[in-house]
Amino acid sequence: MIINFCGDLCLCENLEKRVVDKIRNEVFGNYPAILNLEAPILDNSAEYQKIFKSGPVISGHSSTPESLVDLGVIGVSLANNHIMDYGVKGLTSTTHMLENIGIEYSGVVSSNNFKDHFIIKEKGISLCIISICEEEWGGAKRNLGGSST
């Protein structure tokens, strides 16, 4: 089993198909990837409130789901300091999007969901991906959603 592990990804604009293909072919070698999705993906049909924090508030481009699929991404960590930049509504939009395109995710807590890991199985091999981050902006507190810390 060969899987690429990558750091932070936030697609703040649409990537051209040729760029996505070049990354998938030349960087990932056409093998699947697991990465840190560094920002929520907002559904265009809803309004979102930015949270107040000292650092930048970011979100991914609406084309991110398509780019993730085209890149061969099979899983993402959401345990980071930006996943809650648009509150629970932004987190929920992101997890629904990932579920709709069949990409595993981990590293988040919501009112009805605690997902700190996912398991990839291939050819008799199981790989458990655990996602946690240091406690900072966006970390889950009491019954509020957020990153797994």
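Buried means under 20% relative accessible area, exposed means over 50%, and partly exposed lies in between. The exercises below apply these classes to a predicted model.

**Exercise 1. Classify both partners of the K115–E104 salt bridge, and say what the pair ties together.**

Step 1. Start with the contact. The closest N and O atoms of K115 and E104 are 3.4 Å apart. A salt bridge needs a side-chain nitrogen of Lys or Arg within 4 Å of a carboxyl oxygen of Asp or Glu, so the pair qualifies.

Step 2. Place the partners. K115 belongs to strand 6 (residues 113-115), and E104 to strand 4 (residues 104-106). The bridge therefore ties together parts that are 11 residues apart in sequence.

Step 3. Classify K115. Its relative accessibility is 19%, so K115 is buried.

Step 4. Classify E104. Its relative accessibility is 31%, so E104 is partly exposed.

**Exercise 2. Take the salt bridge between R18 and E16 and classify its two residues.**

Step 1. The side chains meet at 2.9 Å, N to O.

Step 2. R18 has 60% relative accessibility, which means that R18 is exposed.

Step 3. E16 comes to 48%, so E16 is partly exposed.

**Exercise 3. Describe the salt bridge between R24 and D21, then place the two residues in their network.**

Step 1. The N to O distance between the side chains of R24 and D21 is 3.1 Å.

Step 2. Both residues sit in helix 1 (residues 17-27), three residues apart. About one helical turn therefore separates them.

Step 3. Check the burial. R24 is buried, and D21 is buried too.

Step 4. Widen the view. Salt bridges link R24 and D21 with K17 and D70 in a network. The structure as a whole holds seven salt bridges.

**Exercise 4. How do helix 1 and helix 2 cross, and which residues make the contact?**

Step 1. Take the geometry. The axes of helix 1 and helix 2 (residues 64-71) come within 9 Å. They cross at roughly 35 degrees.

Step 2. Assign the hand. The crossing of helix 1 with helix 2 is right-handed.

Step 3. List the contact residues. Helix 1 supplies K17, V20, I23 and R24. Helix 2 supplies S67, D70 and L71.

Step 4. Sort the contact by class. Three residues are nonpolar, one is polar and three are charged.

Step 5. Link back to the network. K17, R24 and D70 appear in this contact, and they also belong to the salt-bridge network.

**Exercise 5. How many disulfides does the model hold, and why is C6 not bonded to C10?**

Step 1. Set the cut-off. A disulfide is a pair of cysteine sulfur atoms within 2.5 Å.

Step 2. Test C6. The closest cysteine sulfur is that of C10, at 15 Å, so it is too far for a bond. C6 is partly exposed, because its relative accessible area is 28%.

Step 3. Test C10. The nearest cysteine sulfur belongs to C12 and is 3.2 Å away. C10 is in no disulfide. C10 is partly exposed, because its relative accessible area is 27%.

Step 4. Give the count. The model has zero disulfides.

**Exercise 6. Are L91 and T95 of helix 3 buried or exposed, and which residues does T95 contact outside its sequence neighbours?**

Step 1. Place L91. L91 lies in helix 3 (residues 87-101). With 2% relative accessibility, L91 is buried.

Step 2. Take one distance. L91 and I3 are 88 residues apart along the chain. Their C-alpha atoms are 26 Å apart.

Step 3. Turn to T95. T95 is also found in helix 3. Its relative accessible area is 10%, so T95 is buried.

Step 4. Find its contacts. With neighbours within four places in sequence left aside, T95 touches L78, Y105 and V108.

**Exercise 7. Where do N30 and K123 lie, and what is the sign of phi at each?**

Step 1. Read N30. Its phi is positive, about 60 degrees, although N30 is not a glycine. N30 lies in the loop between helix 1 and strand 2 (33-37).

Step 2. Classify N30. A relative accessible area of 51% makes N30 exposed.

Step 3. Read K123. Its phi is positive too, about 50 degrees, and K123 is not a glycine. K123 lies in the loop between strand 7 (117-122) and strand 8 (125-130).

Step 4. Classify K123. A relative accessible area of 79% makes K123 exposed.

Conventions
Residues numbered from 1 in each chain as written. Predicted model: local features only at pLDDT ≥ 70, side-chain atom pairs only at ≥ 80, totals over all residues. Heavy atoms only, no water. Buried < 20%, exposed > 50% of the residue type's maximum accessible area, 1.4 Å probe, protein only. Helix = DSSP H or I, 4+ residues; strand = E, 2+ residues; numbered from the N terminus. Axes fitted to C-alpha atoms, helices over the stretch in contact; angles between N-to-C directions. Left-handed = near helix turned anticlockwise from the far one by under 90°. Contact = heavy atoms within 4.5 Å. Nonpolar A, V, L, I, M, F, W, Y, C, P; charged D, E, K, R; others polar.
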